Amino acid sequence: MTMVDIRDARKVYDGGFEALRGVDLQIREGEILALLGPNGAGKTTLISAICGITQPTSGTIAVGGHDVVTDYRAARKLIGLVPQEINLEPFEKVATTVAFSRGLFGLPRNDALIEQILRKLSLWDKRDSKVMALSGGMKRRVLIAKALSHEPRVLFLDEPTAGVDVELRRDMWEIVEELRRDGVTIILTTHYIEEAEAIADRVGVINNGQILLVEEKASLMARMGKKHLTVELDAPITEIPANLPEFNLTLGEDGKSLIYAYDTAAERTGIARLMAALSEGGLVVRDVSTAQNSLEDIFVGLVTDQQKQESAA
């Protein structure tokens, strides 16, 4: 089932800046989607449009079948949002702040649920503390608790671990895993690509207000990821031998290694031919090792390709 359905969403601000340029995106119920993109790519604008913080200029967005413009209340009730900015009432107590958020959605008081959320986020001991007395990391925990207080079916985490401590990051991913098991849909924007690589089911890449790609993480890595074979030589060389041009090798800075990129999906990798050519060229191989392209390599490549295409247009 599609939980978030975005069709040709556009957002044009006064002055003509187009923050979203025809975004089409369908997010499944119960999945974790990592939305990656550089600063200014349109990630926060897209989340704001889904959550009703800003209205799309054109196109449609629906959450759980409810249009975010024409059926705003029903759509917003399904959504929990953890924003980048910490914007809390400084003189209010932690427990009251979280419980109040639940009341905003017209839900009945549930002290047991609020206690459960606060305990999960290591906030129970701070329940009677004023928000202004908390550290930055603890305030971030309060934001997460507020987002969970009305039991949302879609949770947006907008750069949630930026500048937070390792303990909070660990606690957050444990909660995310638990929510996923309960069927909650989670959309994560992050600069920490290793987090997306670790927990996401699918990865979306956005840049200049356009979705460049949305794909299952595993198939994306298999389809676009390349492996690099590093050949360590017994003695340094100053240039790549003349009999090796077909392999498009890169010479390591120390002159004692050659790097060969190959496609894991190809019928033949060419490694056997390379090793034979190295021997024919009189090079003695000391060791070999391989490394898979990371999600970050793929992400950077997609963004760079788009920038080249738009520059050429």
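The following exercises, with worked solutions, concern a predicted model.

**Exercise 1.** Determine which residues of helix H3 (residues 94-104) are buried, and on which side of H3 they lie.

*Solution.* Begin with the burial criterion, under 20% relative accessible area. In H3, Val 94, Thr 97, Val 98, Ser 101 and Arg 102 are buried. These residues span an arc of only 140° around the axis, so they lie on the same side of H3. The general rule is that an α-helix has 3.6 residues a turn, so residues three or four places apart point the same way. Finally, identify the packing partners: the buried residues of H3 pack against helix H4 (111-120) and helix H5 (136-148).

**Exercise 2.** State which elements each supply at least two residues of the largest nonpolar core.

*Solution.* The largest nonpolar core has 33 residues, and Leu 118, Leu 155, Leu 157, Val 176 and Ile 186 have the most contacts inside it. H3, H4, H5, strand S7 (154-158), helix H6 (166-181) and strand S8 (185-189) each supply at least two of its residues. H5 gives the most, with 7 residues.

**Exercise 3.** Place Leu 155 in the sheet, starting from its bridge partner in S8.

*Solution.* The sheet is open, with 6 strands in the order S6-S7-S8-S3-S9-S10 and mixed pairing. Its edge strands are strand S6 (79-82) and strand S10 (210-216). S7 and S8 run parallel and are joined by 5 bridges. Within S8, Ile 186 is the bridge partner of Leu 155. H6 packs on the sheet, touching strand S3 (32-36), S7 and S8, and its direction makes about 145° with that of S8.

Technical notes:
Residues numbered from 1 in each chain as written. Predicted model: local features only at pLDDT ≥ 70, side-chain atom pairs only at ≥ 80, totals over all residues. Heavy atoms only, no water. Buried < 20%, exposed > 50% of the residue type's maximum accessible area, 1.4 Å probe, protein only. Helix = DSSP H or I, 4+ residues; strand = E, 2+ residues; numbered from the N terminus. Arc of directions from axis to C-beta. Contact = heavy atoms within 4.5 Å. Core = buried A, V, L, I, M, F, W, Y, C linked by side-chain atoms within 4.5 Å. Pairing = 2+ DSSP bridges. Axes fitted to C-alpha atoms, helices over the stretch in contact; angles between N-to-C directions.
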